[in-house]
Protein chains: 2
Amino acid sequence: MQELTLIRPDDFHVHLRDRDDLLHTVRQTASVFGRALIMPNLRRPVLTASDAERYRQDIEREAGEAGHGGFRPLMTIQLLDATTPAIARQAREAGVTAAKLYPAGVTTNSHNGVTDIRKLYPVFAEMEACGLVLCLHGEAPGIHCLDREVIFLDTLRELARAFPKLRIVLEHLSTAEAVHVVEELPDTVAATITAHHLILTLDDVVGDLLRPHHFCKPIPKRYADRDALRIAATQASPKFFFGSDSAPHPVGKKHCASGCAGVFSAPVALPLLAEIFERHGALGRLEAFVSLNGAAFYGLPANEGSVRLVKREWRVPESFPSDLVPFKAGETLAWRVVG
Amino acid sequence: MQELTLIRPDDFHVHLRDRDDLLHTVRQTASVFGRALIMPNLRRPVLTASDAERYRQDIEREAGEAGHGGFRPLMTIQLLDATTPAIARQAREAGVTAAKLYPAGVTTNSHNGVTDIRKLYPVFAEMEACGLVLCLHGEAPGIHCLDREVIFLDTLRELARAFPKLRIVLEHLSTAEAVHVVEELPDTVAATITAHHLILTLDDVVGDLLRPHHFCKPIPKRYADRDALRIAATQASPKFFFGSDSAPHPVGKKHCASGCAGVFSAPVALPLLAEIFERHGALGRLEAFVSLNGAAFYGLPANEGSVRLVKREWRVPESFPSDLVPFKAGETLAWRVVG
């Protein structure tokens with residue numbers, strides 16, 4: 001197949017940042033995706049309905065300026081120890097889609113994360129009642145990086161049991177164990193998979209040279225883990241859908257003594273997915289992964305319109321404005337988004 | 001104990017580099033260690049007796065200029081596919097101490113490493129006969145970074161069986177499995193342990209922020225591995241001794257998109273070892289690890305003279321000349337080498 005037309009896809013996990021970066025990040029995402037779930041962990045985090053509304057307006061303004069006025073940001077708030085059921089309900093009433101939980105200390109700007117998940121049970125009960133989705137950075141803090149996701153799965157099981165109607169998304173899967181637990185849990189539990197976790201293992205971060213542009217959370221792991229993720233993504237199960245976790249950092253925060261985690265994949269994610277799905281004989285199931293499963297889980301109609309991919313080589317730019325280095329910078333990709 | 005006097009220690013694994021870096025690296029090593037086993041993997045590698053003799057003269061000249069004329073470099077040659085038994089014998093006759101085997105592609109400047117270890121069996125037979133020690137970078141190439149050392153242990157077992165009188169050193173242990181295999185093999189097989197592998201786990205490289213100055217080969221692994229290394233080092237077994245693998249890179253080769261592996265530990269290694277041994281109630285066994293076991297394995301007398309450590313805080317410089325950033329840069333250490 002040399003050409004592929006998909007219902008316009010969604011990105012159910014993206015970091016657009018704010019201030020000067022916003023125009024560039026919105027442009028990259030909105031040129032391909034019809035909707036995106038916007039992560040709230042800004043330097044000044046999105047905590048309430050009014051924070052989310054202000055951020056939504058900023059994003060929509062930038063999307064309009066970039067010529068993508070049809071782009072629809074799906075907003076989130078960040079859960080803190082101090083989040084109340086009323087904050088969750090007000091967010092939902094104002095059109096916020098999900099609330100994101102970062103355990104304290106697990107990733108960028110998560111120093112203010114949640115220290116005791118059980119104390120948020122009243123908030124989860126309210127979210128269950130009003131339909132606000134719970135998005136989880138599924139890593140347990142304070143233990144070895146290779147074990148954090150697997151240990152967190154006990155918490156996931158507990159939440160699914162305690163709140164049987166709460167829709168829960170385990171974000172950016174990185175282990176075979178997580179795939180299997182998500183498969184076994186009820187249909188209220190789903191998961192996102194990034195493009196880069198379908199490609200990288202720990203070898204691509206520390207196996208040869210040290211590659212800061214491959215450094216992300218959760219850390220990519222073993223080949224068997226990557227295999228399990230590829231099977232989950234390409235099998236068209238409604239439980240797994242695309243969330244890029246595209247997370248740009250200026251190059252100075254990557255090439256330094258203490259580099260930040262995050263892969264800026266938005267400019268290349270869809271072509272990379274096409275390449276992976278093609279290699280696994282699953283191009284016909286790419287639309288389910290990027291355009292259908294996530295929308296269905298979130299209770300949204302599929303997007304109107306489409307995107308077209310052609311099999312035509314192109315070279316990924318070495319960097320984008322604001323000194324943002326994309327995933328696969330300088331490499332040649334097989335598929336290209338056109339139109 | 002507030003003060004500690006040790007027989008002057010040896011470093012049985014160090015990278016001194018060449019050209020402009022040599023004065024600085026020699027100064028750091030020779031100010032503390034009486035002897036050091038000098039790794040041969042320069043940009044233009046040390047392959048023969050005459051290469052080693054030239055490099056020895058360079059090192060001794062720099063040591064003299066730095067005021068450490070008593071420092072004695074123990075020289076190595078690098079084994080290539082093309083190394084012959086005659087090359088090994090000539091090296092031994094010229095006073096070379098060991099030959100270093102890098103499997104192709106496992107670390108810095110190892111693109112010219114050995115592709116088929118069995119083809120070197122005639123060389124190993126000659127080394128066994130003439131007393132040249134075999135030093136192994138014990139990682140199997142082409143497999144996942146967490147498994148490389150463990151998979152290589154089969155090769156180690158095979159070499160120990162095939163050449164029962166060949167002295168073999170497995171360098172820079174990083175796994176509990178390697179500790180246990182070295183313990184079980186005959187007394188002709190020993191191992192070096194670095195200071196940084198006694199301190200770091202994978203969490204210190206990729207667990208929080210990305211730390212290029214902790215990036216090394218073999219990659220530090222789990223807490224259980226580090227525990228096994230600490231037990232091996234502090235138990236005064238003659239099979240385990242100190243080799244720093246101190247390996248400086250200019251900061252531009254660390255803070256970049258493809259960072260080099262290596263920890264520049266020479267300026268801090270002995271104080272760090274004192275801290276670790278003290279914490280494990282083993283200060284009395286530090287001398288065996290750094291001054292006695294390695295010399296005995298290599299058939300050398302203990303050094304004359306001593307070094308003195310006092311428990312007095314000092315701050316590690318942020319960098320050294322030639323833009324070399326040391327391990328623990330900017331941190332405060334408890335023990336200090338004096339005099």
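**A tour of chain B around strand β4**

Begin by selecting B:I38 together with B:M75, a residue of β4(B), and you will find that the two stand opposite each other. Bear in mind throughout that this is a predicted model.

Widen the selection to the strands that carry this pair: strand β3, residues 35-38 of chain B, runs parallel to β4(B), and four bridges join them. Now show β4(B) by itself, residues 72-78, and colour it by accessibility; six of its seven residues are buried, so that the strand is mostly covered.

Add helix α2, residues 49-65 of chain B, and follow the chain from β3(B) through this helix to β4(B), since the three elements form a right-handed β-α-β unit.

Next, bring in strand β5, residues 98-101 of chain B, with which β4(B) pairs, again in the parallel sense, over three bridges. To place this pairing in the viewer, pick B:I77 and look across to B:A99, its bridge partner in β5(B). With helix α3, residues 85-93 of chain B, also displayed, β4(B), the helix and β5(B) can be traced as a right-handed β-α-β unit.

For the last stop, leave the strands and select two helices of chain B, α6 (residues 176-184) and α8 (residues 223-234), whose axes lie 7 Å apart and which pack at an angle of about 35°. On the α6(B) side, show B:A176, B:E177 and B:V179, which meet B:A224, B:D225, B:A228, B:L229 and B:A232 in α8(B). Coloured by residue class, this contact has six nonpolar residues and two charged ones, with no polar residue.

Conventions
Residues numbered from 1 in each chain as written. Chains lettered and ligands numbered in written order. Predicted model: local features only at pLDDT ≥ 70, side-chain atom pairs only at ≥ 80, totals over all residues. Heavy atoms only, no water. Buried < 20%, exposed > 50% of the residue type's maximum accessible area, 1.4 Å probe, protein only. Pairing = 2+ DSSP bridges. Right-handed = clockwise from strand over helix to strand, strands pointing away. Axes fitted to C-alpha atoms, helices over the stretch in contact; angles between N-to-C directions. Contact = heavy atoms within 4.5 Å. Nonpolar A, V, L, I, M, F, W, Y, C, P; charged D, E, K, R; others polar.
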